[in-house]
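User: I've got a model open and I'd like to learn how to read it feature by feature. Can you walk me through it?

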Amino acid sequence: MSHFAEIDENNVVIRVLVGDNSLPDEGKSFFETHLGGTWVQTSYNHNFRARYAGVGYSYDSERDVFISPKPFPSWILNEITTEWEAPTPLPVEEGKFFIWNEETLSWEHLEPLE
C-alpha cells in the first residue's frame, strides 16, 4: 500500500488515503483525476519526506518534508531535523517525567499518581 496526503492551498494536509503500492505515480494521478486537489505521497515507514503525514501537518515543498503541527507557540522548528523543539532543553533525570508549561516557558516535573 502507498499513502497519499491531500494538501490545501496553504500546503496543509486535509486527508490521507491509501493507494496501490505497485504504481505510486499512478496512485497520485488516480487521486488527482478522481478526487481533484493536490496529492503528495507520504511514507508510513518514514522512508521519505521525514515523517508520515497526518491531518493538520504541513508540506514544505522546498525541503520535501511533512512537518507536524506546532505544539506550543514558543517552540522553534529545528531547521535540520524539521522537528519542533522547546526553547529550553528537556531535563534528563532518571525516573522523572516532565511536561511543558507554556505559561512559564519551562519544563515541570510531573509527579506520578499513587
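User: Let's start with the hairpin of β1 and β2: which residue there takes a positive phi?

Analyst: That's Asn11, with a positive phi near 65°. The hairpin has five residues between its strands. Keep in mind that this is a predicted model.

User: How do the two strands of that hairpin pair, and over how many bridges?

Analyst: β1 and β2 pair in the antiparallel sense, over six bridges. To follow one of them, start at Ala5 and look across to β2, where its bridge partner is Val16.

User: And what does the whole sheet look like, in terms of strand order?

Analyst: Read the order across the sheet rather than along the sequence. Here an open sheet of three strands runs β2-β1-β3, with antiparallel pairing. The edge strands, β2 (13-19) and β3 (38-42), each pair on one side only. On average, neighbouring strands of this sheet are turned by 30° against each other, direction ignored.

User: How many bridges join β1 to β3?

Analyst: Five, and again the two strands run antiparallel. Two pairs you can click on: Ile7 has Thr38 as its bridge partner in β3, and Glu6 has Trp39.

User: Is β1 mostly covered or mostly open?

Analyst: Mostly covered: six of its six residues are buried. Now check which way they point. Ser2, Phe4 and Glu6 go one way from β1, while His3, Ala5 and Ile7 go the other, and all are buried.

User: What does Glu6 meet in a salt bridge?

Analyst: For a salt bridge, you look for a Lys or Arg side-chain nitrogen within 4 Å of an Asp or Glu carboxyl oxygen. The side chains of Glu6 and Arg15 qualify at 2.5 Å, N to O. Glu6 has 9% relative accessibility, so it counts as buried, whereas Arg15 is partly exposed at 32%.

User: How many salt bridges are there in the whole structure?

Analyst: A search finds six. A nice set to look at involves Arg63. It forms a salt bridge with Asp60, the closest N and O atoms being 3.4 Å apart, and another with Glu79, where that distance is 2.5 Å. The Arg63 and Glu79 pair links distant parts of the chain, 16 residues apart: Arg63 is in the loop between β4 (58-60) and β5, and Glu79 is in the loop between β6 and β7 (84-85). Through shared partners, Asp60, Arg63 and Glu79 join into one network.

User: Why is Asp60 called buried while Glu79 is called exposed?

Analyst: Go by relative accessible area: under 20% is buried and over 50% is exposed, with partly exposed in between. Asp60 has 18%, so it is buried. Glu79 has 52%, so it is exposed. Arg63, at 33%, is partly exposed.

User: What does Leu77 touch, beyond its sequence neighbours?

Analyst: Skip residues up to four places away in sequence, then see what remains. Leu77 touches Arg63, Ile67, Thr82, Glu83 and Trp84. This leucine is in strand β6 (residues 76-77) and counts as buried at 16% relative accessibility.

User: And Ser68: where is it, and what is it in contact with?

Analyst: Ser68 is in the loop between β5 (65-67) and β6. Leaving aside neighbours within four places, it is in contact with Arg51, Tyr57 and Trp84. Ser68 is buried too, at 18%.

User: Last one: which residues form a nonpolar patch on the surface?

Analyst: Phe97, Ile99 and Leu110, with about 320 Å² of accessible area together. Leu110 is in strand β9 (residues 106-110) and is partly exposed, with 44% relative accessible area.

Note on methods: Residues numbered from 1 in each chain as written. Predicted model: local features only at pLDDT ≥ 70, side-chain atom pairs only at ≥ 80, totals over all residues. Heavy atoms only, no water. Pairing = 2+ DSSP bridges. Helix = DSSP H or I, 4+ residues; strand = E, 2+ residues; numbered from the N terminus. Axes fitted to C-alpha atoms, helices over the stretch in contact; angles between N-to-C directions. Patch = residues over 30% accessible without salt bridge, like charges linked within 9 Å, V, L, I, M, F, W, Y side chains within 5 Å. Areas by Shrake-Rupley, 256 points an atom, 1.4 Å probe, with all protein chains shown as cover. Buried < 20%, exposed > 50% of the residue type's maximum accessible area, 1.4 Å probe, protein only. Contact = heavy atoms within 4.5 Å.
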